[in-house]
Amino acid sequence: MSASNWTTDFLNQLTAAAITVEQFSLPSTTLWQIESGHWQQFADYALAQQLRWVAGWAEHVEGRLFINACFEKQGVYVLSRAIVNAAKPELPSQATVYPAASRSERHTQDMFGIHFTGHPDHRRWTRHQAWAKHDYPLRKDFPVQGGPETVTPPDKEYPFVKAHGEGVYEIPVGPIHAGIIEPGHFRFQAVGELILNLEERLGYVHKGIEKIAEGRTPEALARLAGRVSGDTTVGHCWAACRAMEQATGIEIPPRAALLRGILAERERVANHLGDMGAICNDVAFIFAHMQFSRLRELWLRTNAAVFGHRLLMDRIVPGGVVCDLSEADCALIERECVRLSKELSEIMPAIDLNSSLEDRLYTAGYLSPEIAAALGTVGYVGLASGQDRDVRRDAPYPPYDQASFKVALEDKGDVASRFWVRYKEINASLKLIKQFIAQLAAGDTLAEWQTPPAGSESLGIVEGWRGEIIAYIRFDAGNKIARYYPRDPSILNWPALEKLVLNNIVPDFPVCNKSLNGSYSGNDL
Amino acid sequence: MLRLFKKIITTGVVTEKYKVPKDDELEKLGIQIKRHIDKQFSGSIAIRQVDAGSCNGCELEIHALNNPYYDIERFGIHFVASPRHADVLLVTGPVSRHMQTALLRTYEATPNPKWVVAVGDCAACGGEFGVSYASCGAVANVIPVDMVIAGCPPTPHALMKGLLGLMKG
Ligand code: SF4
């Protein structure tokens, strides 16, 4: 079935079921406006058509609340929207149909005061104790400063799921963990060493990103987007800039697109190197940890030398990039790619042949393809459990529309699979960097910005190193941001951790966690 | 196993030399506490790192301090798992309101004498996030801060310099 076919078929089905859909065309996608009463039924039909639930968010627009849900199939994204009155907002939940929508709806409930009827879990999520019970920070009448107490009390009364029975005990961990790592709370129920249940409680690093985005200029928004999750600064910045550029209707110069591609692949390689080392470290295989962290350091030093920032922050700006490559830089990067590939080809066999590592990584942290699909997992977490998706291939954007590469796929669903997917992705990235350098032709790196019409909106979708990133942007008058919502891949992947640790032993939690490596900051916003 | 040893031998030692910064450099880092630290902890300090709301960029660079190029442990600076074992708290991020109590408790749990180093622009002044309904802004708005290492994020080199400044020269 061709891509445009499924939307036609799907719309026909909805019409037959008396679900009216008003269609609008947005710069990057189509918008389907649906009556709020049909919101859940719409999800039922979407699931039957095997659409993937991608992201959900809301927006307060002049006395009304827009509730959005994005779906995808075969690389075609549609944005669906229901509109309710802000006075007593209610909407049937889609989480009953799509488990992936659950936390997102709870976030919307906490930030906008929308009641999702029939939602399987009405507990607060992003809300802890920093704003009052009937306050909703993303409503327009809520001031950005809020009305916080001098000291925000901890959220101690959160109703965790309880387990009872002989020998069952609880291990509460966090928010502050033992290592150099972001904060979050994990509640384990265990018998002996075996994990019976894990519940995540996140939201500790909620910094009000969505709220402080409002009213920003495009440049200031790009800077903020680059700090949604520091390890994904290129990915988020690119997604936000794509959304802003599409909303404005400007095309970035080809050279800028290629440079963005190089930045994004460099970010992917750096993070995968770091994670592969950390996974080995969590099973006490220090040789590999030291080798990978050495390679990562060398890679970051090249970033600093060539692009002027080790993590590549603020290199992507609305309209293009503010960095460039000389011929000498290109030669340096190419040599570095060859060297990295050679070094990895020496290190990987030494790792592969190590039986103690095999013992710990194989079969640990198993995520079945069914659960991976139901939760809508993306990136290496999905790929390691057979979820064959990659925005760079499925909905290609410049420069990936002119590149060829293979999407890494594994099917065992364990820690080892997630490890190997990363290795394959590094190899693919090295090839892509080479292709992009070969295509670099002289030219501009920055397009001139134009003020977009008030109300223009768009979705920026890119493949970050953790997987698909969605950025939604709507402009106000005067070149100001009215709404920014970034959906980090972690938002879809975190729930998978609760599943994949089951029946593992507590001491294997760190390596299971590292193999998924969700971003707390990208989740909590 | 032979492959492994071969790689270790051919890699060699990559650790780099570092000098303890001079006094005027230290002033730039805003250290007011060096003398006390010299006296109290000659030769070794234990650090508890606390992410109080960062974007995780600062953590990546703090991690890098333990890679073989910087290998910060050789200077007697080590990261510990509990604030009760720590001399220094290395705090990153604007302090999110949801982390405020946790940070205060960590501070209380750290035995005296103790020092707080605010790492990164967010910890120094709120950075891109500032003060809002969700963020307390700078670390100094929540607990007393003795030293600031600026940068977004500070490079491992800047962190090394700052932390070595805490130690006896
Ligand atoms: S200083 Fe920069 S890197 Fe550090 S937490 Fe703030 S935004 Fe992130």
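Pro399(A) is found in the loop between α13 (391-394) and α14 (415-439) of chain A. The peptide bond that leads into Pro399(A) from Pro398(A) is cis, with omega near 5 degrees. The model is predicted. The points below cover the backbone, one helix of chain A, the ligand and a surface patch.

**Cis peptide bonds in chain A**

- Besides the bond from Pro398(A) to Pro399(A), the peptide bond from Gly174(A) to Pro175(A) is cis, and its omega is near 20 degrees.
- Pro175(A) sits in the loop between β8 (168-173) and β9 (185-191) of chain A.

**Positive phi angles**

- Asn517(A) is not a glycine, yet its phi is positive, at about 40 degrees.
- The loop that holds Asn517(A) runs between α16 (509-516) and α17 (520-524) of chain A.
- Asn517(A) has a relative accessibility of 14% and therefore counts as buried, the cut-off being under 20%.
- In chain B, Asn56(B) has a positive phi of about 85 degrees, although it is not a glycine either.
- Asn56(B) lies in the loop between β1 (45-51) and α4 of chain B.
- With a relative accessible area of 4%, Asn56(B) is buried.

**Helix α7 of chain A**

- Helix α7 of chain A covers residues 254-282, which is 29 residues.
- From its first C-alpha to its last, α7(A) reaches 42 Å, close to the 42 Å expected at 1.5 Å a residue.
- Because 25 of its 29 residues are buried, α7(A) is largely enclosed by the rest of the structure.
- Ala284(A) follows α7(A) and has a positive phi, near 60 degrees.

**The ligand and its surroundings**

- The ligand lies between chains A and B.
- Chain A residues around the ligand are Arg227(A) and Met313(A).
- From chain B, the residues around the ligand include Ser54(B), Cys55(B), Gly57(B) and Cys58(B).
- Also among them are Gly120(B), Asp121(B), Cys122(B), Gly151(B), Cys152(B) and Pro153(B).
- Helices α4 (57-64) and α6 (121-125) of chain B each supply at least two residues of this shell.
- By type, the shell around the ligand divides into 6 nonpolar, 4 polar and 2 charged residues.

**A nonpolar patch on chain B**

- Met1(B), Leu2(B), Phe5(B), Ile8(B) and Ile9(B) make a nonpolar surface patch of about 590 Å².
- One of these residues, Phe5(B), is found in helix α1 (residues 2-11) of chain B.
- Phe5(B) has a relative accessible area of 43% and is partly exposed.

Definitions and conventions. Residues are numbered from 1 along each chain as its sequence is written. Chains are lettered from A and ligands numbered from 1 in the order in which they are written. This is a predicted model: local features need pLDDT of at least 70, side-chain atom pairs count only at pLDDT 80 or more; totals for chains, interfaces and linings use all residues. Side-chain values use heavy atoms; hydrogens and water are left out. Helices (H or I, at least four residues) and strands (E, at least two) are DSSP runs, numbered from the N terminus. The expected span of a helix is 1.5 Å times one less than its number of residues. Buried means under 20% relative accessible area, exposed over 50%, partly exposed in between (1.4 Å probe, protein chains only). Patches are made of residues with over 30% relative accessible area and no salt bridge: like charges are joined within 9 Å, nonpolar side chains (Val, Leu, Ile, Met, Phe, Trp, Tyr) within 5 Å. Accessible areas come from the Shrake-Rupley method with a 1.4 Å probe; for residues, only the protein chains shown count as cover. A salt bridge is a side-chain nitrogen of Lys or Arg within 4 Å of a carboxyl oxygen of Asp or Glu. A residue is near a molecule or strand if one of its heavy atoms lies within 4 Å of it. Ala, Val, Leu, Ile, Met, Phe, Trp, Tyr, Cys and Pro count as nonpolar, Asp, Glu, Lys and Arg as charged, and the others, Gly among them, as polar.
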